[in-house]
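Thank you all for coming. I would like to walk you through one chain today, and I will begin with a single residue before turning to the wider picture.

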Amino acid sequence: MTKLDVMPDASEIVHYDRPDIPLYIRMGTLSHYPEYKALCHWHEDFEVIRIYDGEMDYFIGGKNIHMEAGDCLFVNSRQMHYGYSSKKKECHFLCVLISPAILTGSRQLFDENIAPLMKNGNFPFIHITKEDAEITTFQHLLDKTYHLKENKSNYEIHVMSVLLELVLKLTEREPATEDFKPESSLLVTHRKMVAYISSHFDDEISLNDIAGSASVSRATCCRIFKKYDQLSPIEFLTIYRLNVSADLLTRTDESISLIAGKCGFNSVSYYSKLFLEHYGCQPHKYRNLAIISSENASKHLL
């Protein structure tokens, strides 16, 4: 079985800019995802989003928020989340992922400053809007992060100092006034089923298998996926497979038939048909357009 993008607990394996340095800094577009929606996932890294153009809705741990151009968002470690557009409209954004472990080389400083943020139940996320007095500070720090990556050799050490400043500013903020509750039983069940799909997407799995992974009925399984993903379990599985295949198309030179097989599609023609339906083009064209799309997205940096 090929495990491509997830750890055993179904947390996402982040493909960092350099394998040995846990930093990820990329411009992105919602149109990159089928139906303008990323799939629900989580990872150990802190995630920071800056919207440059358009709007984006964001699901985090059972709560939905709306983001507009100029907004910034901090997502804490191990929070289930995804971005989407319910209206299927384009959004250009910057996404930065950083491993909490590399923010300081001192265990004591980590335990005193970073670990409390990761464990704080009042901080599943922080939405920083234009009404926030420090919005320009956060915008500047994220803009600087991207500029350093694009324009400076050996940028990582410089980026680290900027991101450390950003995270420390977040730790200084007052706890959220809303009382965020621990994950509900439904969300825990959802996490188990997503974990099962993430670990078995390249196998032949059924609705019974997905429901059985969390010891719930087929009806309950469908209800939970509809509640949190606006998809059926099988639709989630299909789009998950397509997402992994799209990532492989852009990161590797493997043949389309090999990628289709790795992602659980027994027929290349069926895979290509589904890919066209969800991405609007054939896999080979998607691969050819990937670099151009990335370059165009970077032009939206203000």
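In which loop is the place of Arg78? Arg78 sits in the loop between β4 and β5, the latter covering residues 81-84, where helices and strands are DSSP runs numbered from the N terminus, with H or I over at least four residues for a helix and E over at least two for a strand.

Before I go on, please keep in mind that this is a predicted model, in which local features need pLDDT of at least 70 and side-chain atom pairs count only at pLDDT 80 or more, while totals for chains, interfaces and linings use all residues. Residues are numbered from 1 along each chain as its sequence is written, and side-chain values use heavy atoms, with hydrogens and water left out.

Back to Arg78, then, which has a positive phi of about 65° although it is not a glycine. Its relative accessibility is 29%, so Arg78 counts as partly exposed; here buried means under 20% relative accessible area, exposed means over 50%, and partly exposed is in between, with a 1.4 Å probe and protein chains only. Asn154 also has a positive phi, of about 50°, without being a glycine, and its place is in the loop between α2 (135-151) and α3. Asn154 counts as exposed, because its relative accessibility is 59%.

Now the chain as a whole. It holds 10 helices and seven strands, and 49% of its 302 residues count as buried. Among the contacts in the chain with a separation of 6 or more, 73% come from residues 24 or more positions apart, a contact being heavy atoms within 4.5 Å.

Let me turn to the strands, beginning with β6. Why can we call strand β6, residues 91-98, largely enclosed by the rest of the structure? Eight of its eight residues are buried, so that description follows. Both of its faces are covered, with Cys91, Phe93, Cys95 and Leu97 buried on one side and His92, Leu94, Val96 and Ile98 buried on the other. Strand β1, residues 23-29, runs antiparallel to β6 and is joined to it by seven bridges, two strands being paired if DSSP finds at least two bridges between them. In that pairing, Ile25 stands opposite Val96 of β6. Strand β2, residues 46-60, is likewise antiparallel to β6, with eight bridges between them, and here Ile51 stands opposite Phe93.

Strand β2 also pairs with β4, in the antiparallel sense and over four bridges, with Cys72 in β4 as the bridge partner of Arg50. Strand β4, residues 72-75, is covered on both faces, since Cys72 and Phe74 on one side and Leu73 and Val75 on the other are all buried. Four bridges join β4 to the antiparallel strand β7, residues 125-128, where His127 is the bridge partner of Leu73.

Two further residues deserve a closer look. Ser99 lies in the loop between β6 and α1 (107-119), and it is buried, with a relative accessible area of 14%. Leaving out residues up to four places away in sequence, Ser99 touches Pro22 and Asp45. Tyr82, in strand β5, is buried with a relative accessible area of 0%. Its C-alpha atom is separated by 5.4 Å from that of Phe59, 23 residues apart along the chain. Beyond its neighbours within four places in sequence, the contacts of Tyr82 include Lys37, Leu39, Asp57 and Tyr228.

Finally, the helices. How far apart are the end C-alpha atoms of helix α3, residues 156-171? They are 22 Å apart, which agrees with the 22 Å that its 16 residues should span at 1.5 Å a residue, the expected span being 1.5 Å times one less than the number of residues. Buried residues in α3 include Glu156, Val159, Leu163 and Leu170.

The axes of helix α4 (residues 185-200) and helix α6 (residues 218-229) come within 10 Å and cross at roughly 95°; axes are lines fitted to C-alpha atoms, for helices over the stretch in contact, and angles run from 0 to 180 degrees between N-to-C directions. That makes α4 roughly perpendicular to α6, a term for angles of 65 to 115 degrees. Among the residues that meet there are Leu186, His190 and Ile197 in α4 and Cys221, Phe225 and Tyr228 in α6.

Notes:
Angles under 35 degrees count as roughly parallel, over 145 as roughly antiparallel, 65 to 115 as roughly perpendicular and the rest as oblique.
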